[in-house]
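User: Please take a close look at one part of this model, the packing of one pair of helices, and set it in the context of the chains around it.

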Amino acid sequence: MLNKSDIDLVNEFKNGNISAFDEIVRRYQRKVYGLARKILGNHEDADDVAQEVFIKLYYSLGDFKGQSSLFTWIYRITVNECNNVLRKKKIREFVQIDEIANLLKFSQTPEQEFLDKERKNLIEKAIEKLPPKQRMIFVMRFFEDLDYEEISKILNKPVGTLKANYFHAIKKIQKFIKDEMQ
Amino acid sequence: MKCNDVRNNLVDFATGKIESNAIKQHLEKCESCRVEFLEIKSLVSVLGDYNFEEPSEFYWANFLSRVKRKITKRMNDAGVFALKPAFLAPSLSAIIIGFLFGLIFSGISIKQNEIYVVQNFDIRTTGVFVKSYEFSEYSEETLEQAVFYLYEKYQLPNLDVEREDYQQIDVDEVLSRISNKF
């Protein structure tokens, strides 16, 4: 089962071998969670989304025609689910002034652990500040290393738009971090 | 190469995802793009170190079984699951909140005592309708999300079969979720 291709697993599932689905989940669970975690910024939402993605996949795998790769398909479901979460949630004010003040106050500490945590928090807050579309493009390109053609298939956007959005996302992150550090 | 074209590829260039002599040459000539490049390069080196805290191995060991449990649960509810689209119908200005029906019959006190209840007895095809005028302060989208939450959490139609289970509903939590969490 481990050496089988995605499409083999899909076909086996279509032929009634449910354990093929198990292998698909094992194969993609960390990727799906990781993508959702970086887009949504917290474990709880990422966990909900990851679960929901595979439930949706289970119900829709029978319709999978192989026009795109399974990977693209799963990522598309993930992105859509993340979008739903972002839409449903109130636009939170992600960063409280005090929180940032504390964050920076601790930045003088010599312990690397603290520094790493602060930097991580700041980056997460900067990413959370991005509009949903830019956030998804940024995460998929920067962290997930997907090429533009792949992202284009997942989001159904032209490559030119993706590139411009990617650049703007970086600029916004840069501005956020600069502002917070001042 | 124009500045705009360079900028749209600058993050990829800074992260080493692409190599381009044209961009190199442009950066040598164009000071504003060069400054932009240096800023982005320093930012991406910080962002590149970012990683979220991975869930434990226990989480991953249980992930698949959690997905499968949910799938089984939904399959068991398949008969009533078909009601879901009705929740979404835009024509339903009155939001369906089935749990209130149960609350009223279970004797649990509820603050919104003016709630006007319309019960359709053919629950298998239409669900339990509650016209919640007192929720008018909330947007339809919010209430729709509440319905989904309630549906998922309490599996309402099943509860209706065993009405006494409504006693277990944490009313405060539900109301607080409706009013605050979306």
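**Helix packing in chain A and its surroundings**

Analyst: In this predicted model, chain A reads α-α-α-α-α-α-α-α-α along its sequence. That pattern corresponds to 9 helices and 0 strands. Of the 182 residues in chain A, 33% are buried. Among the contacts in chain A with a separation of 6 or more, 62% join residues 24 or more positions apart.

The pair chosen for the close look is helix 4 (residues 70-88) and helix 8 (residues 148-155) of chain A. Two packed helices are described by the angle between their axes and the distance between the axes. For this pair, the axes come within 8 Å and cross at roughly 55°. Helix 4 and helix 8 of chain A are therefore classed as oblique to each other. The crossing of these two helices is right-handed.

Which residues bring helix 4 and helix 8 of chain A together? From helix 4 of chain A come Thr72(A), Tyr75(A), Arg76(A) and Val79(A). They meet Glu150(A), Lys153(A), Ile154(A) and Leu155(A) of helix 8 of chain A. Sorted by class, this contact holds 4 nonpolar, 1 polar and 3 charged residues.

The contact between the chains gives the wider setting. Chain A contributes 24 residues to it, and chain B contributes 23 residues. On the side of chain B that touches chain A, helix 1 (3-15), helix 3 (31-47) and helix 4 (57-76) of chain B each supply at least two residues. Helix 4 of chain B gives the most to this side, with 8 residues. By class, the side of chain B that touches chain A comprises 15 nonpolar, 3 polar and 5 charged residues.

Within chain B, helix 2 (residues 21-29) offers a second view of helix packing, with Ile23(B), His26(B) and Leu27(B) buried. Viewed down the axis of helix 2 of chain B, these buried residues lie within an arc of 100°, so they line one face of the helix. The spacing has a general basis: an α-helix has 3.6 residues a turn, so residues three or four places apart point the same way. The buried residues of helix 2 of chain B pack against helix 1 and helix 3 of chain B. On the other side of helix 2 of chain B, the exposed residues are Asn21(B), Lys24(B), Gln25(B), Glu28(B) and Lys29(B).

How values were computed: Residues numbered from 1 in each chain as written. Chains lettered and ligands numbered in written order. Predicted model: local features only at pLDDT ≥ 70, side-chain atom pairs only at ≥ 80, totals over all residues. Contact = placed C-beta atoms within 7 Å. Helix = DSSP H or I, 4+ residues; strand = E, 2+ residues; numbered from the N terminus. Nonpolar A, V, L, I, M, F, W, Y, C, P; charged D, E, K, R; others polar. Buried ≥ 20, exposed ≤ 12 C-beta atoms within 10 Å, placed from the backbone. Axes fitted to C-alpha atoms, helices over the stretch in contact; angles between N-to-C directions. Parallel < 35°, antiparallel > 145°, perpendicular 65-115°, else oblique. Left-handed = near helix turned anticlockwise from the far one by under 90°. Arc of directions from axis to C-beta.
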